[in-house]
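Reader: I am learning to read protein structures and would like a close look at one part. Please take the sheet and go through its strands one pair at a time, then what packs against them.

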Amino acid sequence: MASGDSEKRKANNQMQDQKEKKRKESILDLSKYLEKTIRVKFAGGREASGILKGYDPLLNLVLDNTIEYLRDPDDPYKLAEDTRELGLVVCRGTSVVLICPMDGMESIPNPFISQD
């Protein structure tokens, strides 16, 4: 009977290991955006776009041909026309706020501020 108990424990341990592996998977499936241009917004207001080359469950991103969109020096909430090329970059996942594909994206006015 002792061997039966050890087999049950072994099976339970395997099931728990499988559950942990499933739990560690990222909530986002970015695989459909690999090799496509995405736009990323970061905590602190920076924005960049580039070709997604890789990612991990912590949302660390590898972007190629990256372009950073610079802010207007007079109004930090407004993007300026200026950009700068960064090339190949690694974006830390803890600072990523938003990821969106560039195809089908369009900018709209902020509905929460008064448009003068």
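Author: Start in the middle of the sheet, at one pair of residues: Ile-51 has Asp-64 in strand E3 as its bridge partner. This is a predicted model, and everything that follows is computed from it.

The pair belongs to a longer contact between two strands. E2 and strand E3 (residues 61–71) run antiparallel and are joined by 7 bridges. In general, the strands of a sheet pair through backbone hydrogen bonds, and they can do so in a parallel or an antiparallel way.

Now move to the other neighbour of E2. Strand E1 (residues 37–42) and strand E2 (residues 47–55) are also antiparallel, with 5 bridges between them. One place to see this is Lys-41, whose bridge partner in E2 is Glu-47. E1 and E2 form a hairpin with 4 residues between the strands, and in this hairpin Gly-44 has a positive phi near 100°.

E1 has a further partner. Strand E5 (residues 96–101) runs antiparallel to E1, and 5 bridges join the two. Here Phe-42 stands opposite Val-96 of E5.

Put together, the strands make an open sheet of 5 strands in the order E4-E3-E2-E1-E5, with antiparallel pairing. Strand E4 (79–91) and E5 are the edge strands, since each of them pairs on one side only. From one strand to the next, the twist averages 30°.

Next come the side chains. The largest nonpolar core has 12 residues: Leu-30, Ile-38, Val-40, Phe-42, Ala-48, Leu-52, Leu-59, Leu-61, Leu-63, Val-89, Cys-91 and Val-96. At least two residues of this core come from each of E1, E2, E3 and E4. E1 gives the largest share, 3 residues. Both Phe-42 and Val-96, the pair met between E1 and E5, are members of this core. As a general point, nonpolar side chains in soluble globular proteins tend to be buried together.

Leu-52 is a useful core residue to inspect by itself. Leaving aside residues up to four places away in sequence, Leu-52 touches Leu-30, Tyr-33, Leu-34, Glu-35, Lys-36, Ile-38, Leu-61, Val-62 and Leu-63. Among these contacts, Leu-30, Ile-38, Leu-61 and Leu-63 belong to the core as well.

Last, look at the rings. The count of aromatic pairs is 0. A ring does meet a charge, however: the charged end of Arg-39 sits over the ring of Tyr-69, at 3.9 Å from the centre of that ring. Residue 39 falls in E1 (residues 37–42), and residue 69 falls in E3 (residues 61–71).

Definitions and conventions. Residues are numbered from 1 along each chain as its sequence is written. This is a predicted model: local features need pLDDT of at least 70, side-chain atom pairs count only at pLDDT 80 or more; totals for chains, interfaces and linings use all residues. Side-chain values use heavy atoms; hydrogens and water are left out. Rings of Phe, Tyr and Trp (its six-membered ring) pair if their centres lie within 6.5 Å; planes under 30 degrees apart count as stacked, over 60 as edge-to-face and the rest as tilted. A charge sits over a ring if NZ of Lys or CZ of Arg is within 6 Å of the ring centre and within 35 degrees of the ring normal. Two strands pair if DSSP finds at least two bridges between them. Axes are lines fitted to C-alpha atoms, for helices over the stretch in contact, and angles run from 0 to 180 degrees between N-to-C directions. A nonpolar core is a set of buried Ala, Val, Leu, Ile, Met, Phe, Trp, Tyr and Cys residues joined through side-chain atoms within 4.5 Å. Buried means under 20% relative accessible area, exposed over 50%, partly exposed in between (1.4 Å probe, protein chains only). Contact means heavy atoms within 4.5 Å.
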